[in-house]
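Reader: Before we discuss any packing geometry, could the structure be shown, so that the questions can be followed alongside it?

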Amino acid sequence: MLDADFFRRWMTAAAASVDREAEHLTALDSPIGDADHGSNLQRGFAAVTAALEKEQPRTPGAVLILAGRQLISTVGGASGPLYGTLLRRTGKALGEAAEVDAEQFAQALRTGVDAVMTLGGAAPGDATMIDALVPAVEALGDGFAAAATAAREGAVATTPLQARKGRASYLGERSIGHQDPGATSSALLVEALVEASDE
Amino acid sequence: MKMLINVAETVVADALRGMAAAHPELIVDVENRVIVRRDAPVAGKVGLVSGGGSGHEPLHGGFVGPGMLSAACPGEVFTSPVPDQMVRAAAAVDSGAGVLFIVKNYTGDVLNFDMAAELAEDEGIQVAKVLVNDDVAVTDSLYTAGRRGTGATLFVEKIAGAAADEGQPLQRVEAIGRQVNENARSFGVALSAVTTPAKGSPTFDLPAGELELGIGIHGEPGRERRAMMTSGEIADFAVGAVLDDMSPRNPVLVLVNGMGATPLLELYGFNAEVQRVLAERGVAVARTLVGNYVTSLDMAGASVTLCQVDEEMLRLWDAPVSTPGLRWGM
């Protein structure tokens with residue numbers, strides 16, 4: 001079973017991973033965007049861990065709702081509302097239970113990913129975070145490690161795609177050949193689940 | 001790349017502190033990232049709120065003041081501000097007559113302003129929105145985020161701002177803002193890439209002897225790269241691209257806008273070429289503005305914006321304005 005502590009560890013692991021990979025994310029964002037994806041997420045997840053420390057939410061749902069609100073209030077850009085909505089809607093779907101099982105979490109995450117698709121208007125194959133998140137949700141039934149692998153492969157698979165949403169879409173065919181920064185950071189978020197469950 | 005900064009993390013806050021010191025006529029809330037007219041809310045007046053990533057100065061904070069914006073929300077460099085800022089700004093400027101959000105068409109700006117509009121309406125503030133999307137370099141199709149908002153933002157903020165200052169109701173101010181956007185088109189070129197403080201090196205590689213056509217204002221590369229052209233050739237290309245997309249029957253406002261690192265000497269020379277092309281194409285010019293208004297940090301280059309105006313729009317353009325970045329008639 002997954003309790004509030006597990007979800008807190010997930011967010012802490014995600015924050016650490018974003019810190020480690022910030023320069024890489026920014027480098028991916030340079031040729032097709034505006035070179036700030038790493039620093040924006042760093043700022044957001046630092047606010048998430050600070051808020052979790054301060055407010056000590058008691059349920060899995062409350063942890064993710066608080067994390068999502070922090071991202072919306074601190075990240076800006078498109079990533080803020082999109083990542084914020086992902087966590088907030090996943091948290092809302094978890095309800096007020098003190099513990100949830102893997103199946104409940106997988107369903108809630110699917111709700112969160114659907115909300116991101118509605119908000120951003122992106123579909124699989126548009127070279128966005130959706131290309132990492134959808135395969136991850138589909139593989140989650142086989143465990144966190146399988147979801148992490150699926151997310152990572154999904155992110156890598158954006159490289160030959162032409163971006164159809166967000167700033168990279170302005171480049172048209174010139175966006176082909178670049179791994180999407182949002183899909184890459186989404187994979188980091190899914191990989192952090194493995195770290196959180198190892199502890 | 002050398003920059004006149006302390007550390008990258010504080011560039012926006014540092015600039016706001018400096019702006020507060022230079023402009024006592026504005027309330028610059030450094031902590032909450034909101035710049036507001038000191039006399040807001042003005043009784044009976046519609047509030048105009050805009051915002052966007054920092055790095056485009058004087059847009060938007062430099063356009064706060066009588067005759068233009070009521071408040072602006074600066075985000076991190078090239079990053080949309082967050083909904084909390086916009087709600088705070090809306091609450092500060094709403095006199096009960098409602099608030100108009102002026103939003104440049106970028107995914108992040110649109111998402112954050114939409115979230116803010118919902119939250120502000122929950123607080124009982126009436127909100128309308130004008131989306132600025134004037135950049136003809138972007139193919140407007142289902143497969144892109146749509147045309148970007150660039151130089152026309154200045155025209156929308158000035159003309160809608162004048163309408164609001166006259167006491168026109170929210171619906172009218174919104175309508176005239178939309179009318180300005182629908183009649184405006186832009187095209188930009190870059191002679192160098194841009195360097196953000198967070199990255200510290202240019203965002204794309206633009207070799208000497210080449211220029212980038214159809215650039216945006218965030219260091220995103222353009223659609224096409226060519227061997228360097230003369231000012232006259234660039235004017236032919238840029239004005240040509242704009243006129244491929246509009247056929248003005250009325251006179252136009254012309255904005256020859258510097259991207260940040262191109263000297264005024266070059267911009268005025270470029271304007272001479274822009275005016276030549278317009279004359280050749282039979283387009284009448286009502287007013288011309290030359291300078292650095294919608295910039296992209298240290299990028300070298302320029303954009304041309306044309307806005308077709310009727311008598312009412314021209315009257316509102318000529319109306320007095322007093323902001324750090326644009327000032328006349330008062």
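Reader: In this predicted model, are helix 5 (residues 102-120) of chain A and helix 6 (residues 130-139) of chain A roughly parallel or antiparallel to each other?

Author: The two helices pack with their axes 10 Å apart and at an angle of about 155 degrees. Angles over 145 degrees count as roughly antiparallel, and helix 5 of chain A and helix 6 of chain A are therefore roughly antiparallel.

Reader: How do the residues of the contact of helix 5 of chain A with helix 6 of chain A divide into nonpolar, polar and charged?

Author: Helix 5 of chain A contributes A:Ala106, A:Leu109, A:Arg110, A:Val113, A:Val116 and A:Met117, while A:Ile130, A:Leu133, A:Val134 and A:Val137 come from helix 6 of chain A. Arg counts as charged, and the division is 9 nonpolar, no polar and 1 charged.

Reader: Turning to chain B, which strands stand at the edges of the open sheet?

Author: The sheet has 6 strands with mixed pairing, in the order 1-2-4-3-5-6, and its twist averages 20 degrees from one strand to the next. Each edge strand has a single partner strand, so one side of each is left without a neighbour in the sheet, and these are strand 1 (26-29) and strand 6 (127-132) of chain B.

Reader: Which residue in strand 2 of chain B stands opposite B:Asp29?

Author: Strand 1 of chain B and strand 2 (residues 34-37) of chain B run antiparallel and are joined by 4 bridges. Opposite B:Asp29, in strand 2 of chain B, stands B:Val34.

Notes: Residues numbered from 1 in each chain as written. Chains lettered and ligands numbered in written order. Predicted model: local features only at pLDDT ≥ 70, side-chain atom pairs only at ≥ 80, totals over all residues. Axes fitted to C-alpha atoms, helices over the stretch in contact; angles between N-to-C directions. Parallel < 35°, antiparallel > 145°, perpendicular 65-115°, else oblique. Contact = placed C-beta atoms within 7 Å. Pairing = 2+ DSSP bridges.
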